[in-house]
Amino acid sequence: MQIAYIRVMKNEVFISIYLDTRRSKSNGKYPVKLRVFTTNPRVQKLYPTKYEYTDKEFDSIWNTLKPRKEFKHHRKQLLDIEDNATEISKEMEYFDFTLFEKKYFRNNGEGSDVFYHYGKTIESLIKYKQLGTASNYRLSEKSIKKYLKDKTGKEIDKLHFKEITINWLKDYESYMVDANNRSYTTVSMYLRALRTLFNNAIKDKDIESTIYPFGDGKYVIPASQNIKKALSKADLKSLFHSKPLTPEQEKAKDFWFFSYACNGMNIKDIALLKWGNIKGETIEFYRSKTKNTSKSKLKPVQIILNDFTKQTIEKYGSSNKERDQLIFPFIMNGKSDLENFNKIKNFTKFINQNLKKLAISNGITGDISTYWARHSFATNAVRLGASMEFVSEALSHNNLKTTQSYFAGFEEDSKIEIMEKLMAF
């Protein structure tokens, strides 16, 4: 039995090879297992191995100081299993069974393989229903694999973290922007996912921090351009009073303005609204985006219902108004997370496609999407006199700087009016 001392007060990890004699196999032998036991909390887990012996065989191999020649090889293989488990536990500052299992069951070399970490991260994100983020990681991995294929002329299925150097990242950026005409925003999104993998691998002691290629004096991920995505007051008025040419345009317009009037609520949160979220003259909900990222600062968003939002709910809301039922039934209770994720994605695409057509036919920019509703709300609220703090609270931001990035500035008429008032002594 080996003991791994972990830096947790009064906690020890005992690791041993164990013959599980609770139930024999059809051949009369018992399975050999790896036993991991922690004292604080008291938890025991048994992990399977490929070995099986009778009581007598196990005693001859394991419970003797000098096994006979024919058993020495078996003894060495079991010692290797025990030693490997002990080394994994000793690398951990705080013992965690989930992390231990992740490292114990993977193949040699996988801990330093970038694509292995992409797979495990995507798997974890899907497990915890962060399907949008999982999709971003998939796109990031796919982009890097395509870059390697175009560069080497062959499919690459393994990539060591140490291969990703400052120059490698510069070449990838040039390949994306110059050779493939991709935006710096896309490059930023993909490389921020890769940087997270680096940070997690270092934290889990899978790689050394000395090979980290990001940061000041190294490679700096390009900041995405802050493109202003807010409609002016005049464009908002024009779009609101426009006459849709099709029922699809009408529905797209209604939901875009519903988002705008609900503090720029994103389509996923609209899709997840239930009748129980309506409390009198308000809607109260938690943003799905912050449920996993800001749990320590989680607070409900409160939206004041107005005539338009009430009419939209009346127009498109389901007839079943029980508290646990969805208000807008374009996704379904009981469906899988992936099915609902795709339905929300398709509905967002439906809004964007039809709203663009409506906007263009009314002389408004066609570069408009559901995301513009959130920026338009923030910008026009400030232009109407709301404080940045008020808008920050309405958007459920934890950082005022994030809110400021949504503000598209003041319109020319407002600037002229302010400058004239400055001299009105």
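Biologist: In the hairpin of β5 and β6, which glycine takes a positive phi?

Modeller: Happy to start there, bearing in mind that this is a predicted model. Strands β5 (residues 278–279) and β6 (residues 282–285) pair in the antiparallel sense over two bridges. The hairpin they form has two residues between the strands. The one with a positive phi, near 65°, is glycine 280.

Biologist: Thanks! Which residue in β6 is the bridge partner of lysine 279?

Modeller: Lysine 279 belongs to β5, which spans residues 278–279, so we look across to β6, residues 282–285, following the strand definition. There, the bridge partner of lysine 279 is threonine 282.

Biologist: And which residue in β7 does threonine 282 stand opposite?

Modeller: Nice follow-up. β6 also pairs with strand β7 (residues 301–304), in the antiparallel sense and over four bridges. Threonine 282 therefore has a partner in each neighbour, by the bridge definition: lysine 279 on one strand, and in β7, isoleucine 304.

Biologist: Let's turn to backbone angles. Is asparagine 263 buried or exposed?

Modeller: Asparagine 263 lies in the loop between α9 (247–261) and α10 (267–272). Its phi is positive, about 60°, although it is not a glycine. The relative accessibility of asparagine 263 is 10%, and the cut-off for the lower class is under 20%, so asparagine 263 counts as buried.

Biologist: What about asparagine 181, buried or exposed?

Modeller: Asparagine 181 sits in the loop between α6 (166–179) and α7. Phi is near 55° here, again a positive value in a residue other than glycine. With a relative accessible area of 71%, against a cut-off of over 50%, asparagine 181 is exposed.

Biologist: Which residue does a cis peptide bond join to asparagine 40?

Modeller: The bond in question has an omega of about 5°. The residue asked for is placed in the loop between β3 (30–39) and β4 (42–53). Joined to asparagine 40 by the cis bond is proline 41.

Biologist: One last topic, the second largest pocket. Which helix gives the largest share of its lining?

Modeller: About 810 Å³ of space lies in that pocket, and its lining has 22 residues, with Thr98, Lys102, Lys120, Thr121 and Ser124 nearest the centre. By type, the lining divides into six nonpolar, eight polar and eight charged residues. Helices α3 (97–105), α4 (114–127), α5 (131–152) and α7 (184–203) each supply at least two of them. The largest share, seven residues, comes from α4.

Note on methods:
Residues are numbered from 1 along each chain as its sequence is written. This is a predicted model: local features need pLDDT of at least 70, side-chain atom pairs count only at pLDDT 80 or more; totals for chains, interfaces and linings use all residues. Side-chain values use heavy atoms; hydrogens and water are left out. On a 1 Å grid over the protein atoms alone, a cavity is a set of points where a 1.4 Å probe fits but cannot get out, and a pocket is an open set with protein on both sides within 12 Å along at least five of seven lines; lining residues have an atom within 4 Å of a point. Grid points are joined across faces, edges and corners, and a volume is the space filled by probe spheres set on the points. Ala, Val, Leu, Ile, Met, Phe, Trp, Tyr, Cys and Pro count as nonpolar, Asp, Glu, Lys and Arg as charged, and the others, Gly among them, as polar. Buried means under 20% relative accessible area, exposed over 50%, partly exposed in between (1.4 Å probe, protein chains only).
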